[in-house]
Amino acid sequence: MLKTMTTYFDPTAGRALRHEALKPWIDESRALLKLAAPIILMQLAQIGTLTADVIMVGALGKEALAATSIGAVLFYFGWLIGYGPVMAVSPIVAQILGAHPNDRARVRNAVRMGLWVTGLLSVPLMIFLIWAKPMLLMLGQQPAIAEIAEDWVHAAAFGLPFALGFGVLRSFATSVGRQNAVLGVAIATLFVNIFANWVLIYGNLGAPPLGVWGAGIATAIAYGFSFFFMLAWILIAPSFRKYHVLHRFTRYDRAKFAEILRLGAPMGASILFEAMLFNTATLMIGWFGAASLAAHQIAMNVGSVTFMVPMGLAMAATVRVGLAAGGRNAEGARRAGWTAIAFGAAFMLVCAAVIASFPRTLVGIYIPTDALENAEVVKLAVVFLYVAAVFQLFDALQVTAQLSLRGLKDAKAPMWIAGASYWLVGFGLAWGLGVWAGLGGFGIWIGLAAGLAAAALGMVTRFAILSRRRL
């Protein structure tokens with residue numbers, strides 16, 4: 001009793017108790033940020049590739065920018081269908097290593113089957129992209145824009161299998177704690193893409209100026225480079241070589257193949273629900289003309305850049321939660337998820353303030369804001385950016401919570417949450433306000449914000465409930 005009373009009135013003892021209580025959270029924060037930092041830089045380098053495309057194609061005019069934007073809708077639809085198995089690799093490998101840190105054979109099997117699945121899916125997806133122009137016309141896009149977009153899609157399609165294959169290798173590298181290698185590849189790919197754009201879009205170094213088609217070719221070259229560079233690194237570097245990822249590559253592992261499909265299908269559906277809402281929004285905004293579409297592309301790219309930070313934190317959370325779950329450490333898994341959610345939310349609140357304060361300055365990065373022919377694009381882009389500022393927090397919450405759930409191998413519930421949030425709430429409001437009520441792009445962006453808010457609420461609630469359970 002005396003010891004308890006002495007501790008109660010001793011401020012030093014109180015500080016020690018608080019430090020002891022906070023220490024696991026501080027340690028988790030350090031571990032998360034150490035893992036996330038190179039992933040975030042890698043994500044920024046990857047979005048830098050897209051940003052470079054937008055800026056360099058934007059120099060050709062609003063029609064070229066609109067065509068690239070609308071063509072990317074079809075390309076990334078195919079990419080998203082194939083990306084489910086890619087996302088399944090990371091939690092599978094993390095939980096294997098969490099339970100058995102030296103189990104290289106099962107890790108190798110997971111990577112091998114991930115490459116198998118994405119390779120097999122790439123063939124029908126590339127065939128699907130052949131009909132880019134007819135599909136865009138069927139979706140109500142302007143014929144001139146659809147024709148230009150088809151050139152970009154046909155060229156970029158050759159990079160699709162390499163983009164998916166790189167995703168598998170990236171998931172493996174991140175899960176084994178070698179994310180710096182991925183960062184190096186991403187930065188190198190960024191420079192390759194910029195150089196290829198400079199040569200092929202504008203016709204430098206004796207090449208013919210290919211415009212939007214050249215941008216598509218540059219995209220395919222960049223994806224191919226990233227895959228083969230990452231593969232070479234994994235085969236040569238001692239930290240990767242011990243896994244022998246191509247050993248018995250033709251050997252079929254039925255259990256791992258099935259697990260990747262079983263986890264990958266709902267994971268892919270979850271991200272597909274979100275991405276296709278934004279892609280559908282792009283198609284609907286295309287009904288209002290090239291200026292609206294160009295403004296939408298600019299605002300979307302700004303939001304995509306800021307999103308890369310919580311996305312990187314979320315990818316790190318998948319690994320941290322997965323390692324803890326594999327080791328049957330429920331408290332550690334819960335702590336890892338909430339730490340990522342908190343950091344992601346804090347960062348995006350800062351981004352929201354910046355976007356709301358300097359929207360016109362941000363638009364000026366992409367197109368000259370003082371040019372008369374860009375006046376409508378600038379006006380619309382500023383409006384869209386104000387809405388983007390509002391949904392920054394929601395975007396951070398939904399992605400960090402969703403990928404924390406992925407670390408627990410929880411795939412089906414997030415899929416249903418995403419479906420209801422993005423298509424019942426998000427699309428319903430986007431159509432109702434943008435098309436039916438006549439608010440145009442502004443109404444569509446309000447619908448996007450509402451969909452993200454609903455998803456954030458659902459994903460965070462799901463993680464709060466599931467993370468309390470015993471593993």
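This report describes salt bridges and one buried glycine in a predicted model.

**Salt bridges**

Side chains of opposite charge can pair when their charged atoms come close. In this structure the count comes to eight salt bridges. Three of the pairs are set out below, each with the distance between nitrogen and oxygen.

| Pair | N to O distance |
|---|---|
| Glu 147 and Lys 133 | 3.9 Å |
| Arg 334 and Glu 331 | 2.3 Å |
| Asp 410 and Arg 462 | 2.9 Å |

The salt bridge between Glu 147 and Lys 133 has an N to O distance of 3.9 Å. This pair links distant parts of the chain, with Glu 147 in helix 6 (residues 143-156) and Lys 133 in helix 5 (residues 132-138), 14 residues apart. Glu 147 is partly exposed, at a relative accessible area of 44%, and Lys 133 also counts as partly exposed, at 25%.

The pair formed by Arg 334 and Glu 331 lies within one element: both residues belong to helix 13 (residues 330-357), where they stand three residues apart, about one turn of the helix. Arg 334 has a relative accessibility of 21% and counts as partly exposed; for Glu 331 the value is 34%, which again places the residue in the partly exposed class.

Asp 410 and Arg 462 form a salt bridge in which the closest N and O atoms are 2.9 Å apart. Here too distant parts of the chain are linked: Asp 410 lies in the loop between helix 16 (392-407) and helix 17 (412-436), Arg 462 lies in helix 18 (residues 440-466), and 52 residues separate the two. Asp 410 counts as buried because its relative accessibility is 11%, under the 20% limit. Arg 462, in turn, is partly exposed, with a relative accessible area of 22%. Elsewhere, Lys 256, Glu 259 and Lys 409 are joined into one network by salt bridges that share partners.

**Gly 216 and its surroundings**

Gly 216 is placed in helix 9 (residues 211-236). Is this glycine buried or exposed? Its relative accessibility is 0%, so Gly 216 counts as buried. With neighbours within four places in sequence left aside, Gly 216 is in contact with Trp 152, Ala 155 and Ala 156. Helix 6, which spans residues 143-156, is also the element that holds Glu 147 of the salt bridge with Lys 133. Asn 204 is twelve residues from Gly 216 in sequence, and their C-alpha atoms are 16 Å apart in space.

How values were computed:
Residues are numbered from 1 along each chain as its sequence is written. This is a predicted model: local features need pLDDT of at least 70, side-chain atom pairs count only at pLDDT 80 or more; totals for chains, interfaces and linings use all residues. Side-chain values use heavy atoms; hydrogens and water are left out. A salt bridge is a side-chain nitrogen of Lys or Arg within 4 Å of a carboxyl oxygen of Asp or Glu. Helices (H or I, at least four residues) and strands (E, at least two) are DSSP runs, numbered from the N terminus. Buried means under 20% relative accessible area, exposed over 50%, partly exposed in between (1.4 Å probe, protein chains only). Contact means heavy atoms within 4.5 Å.
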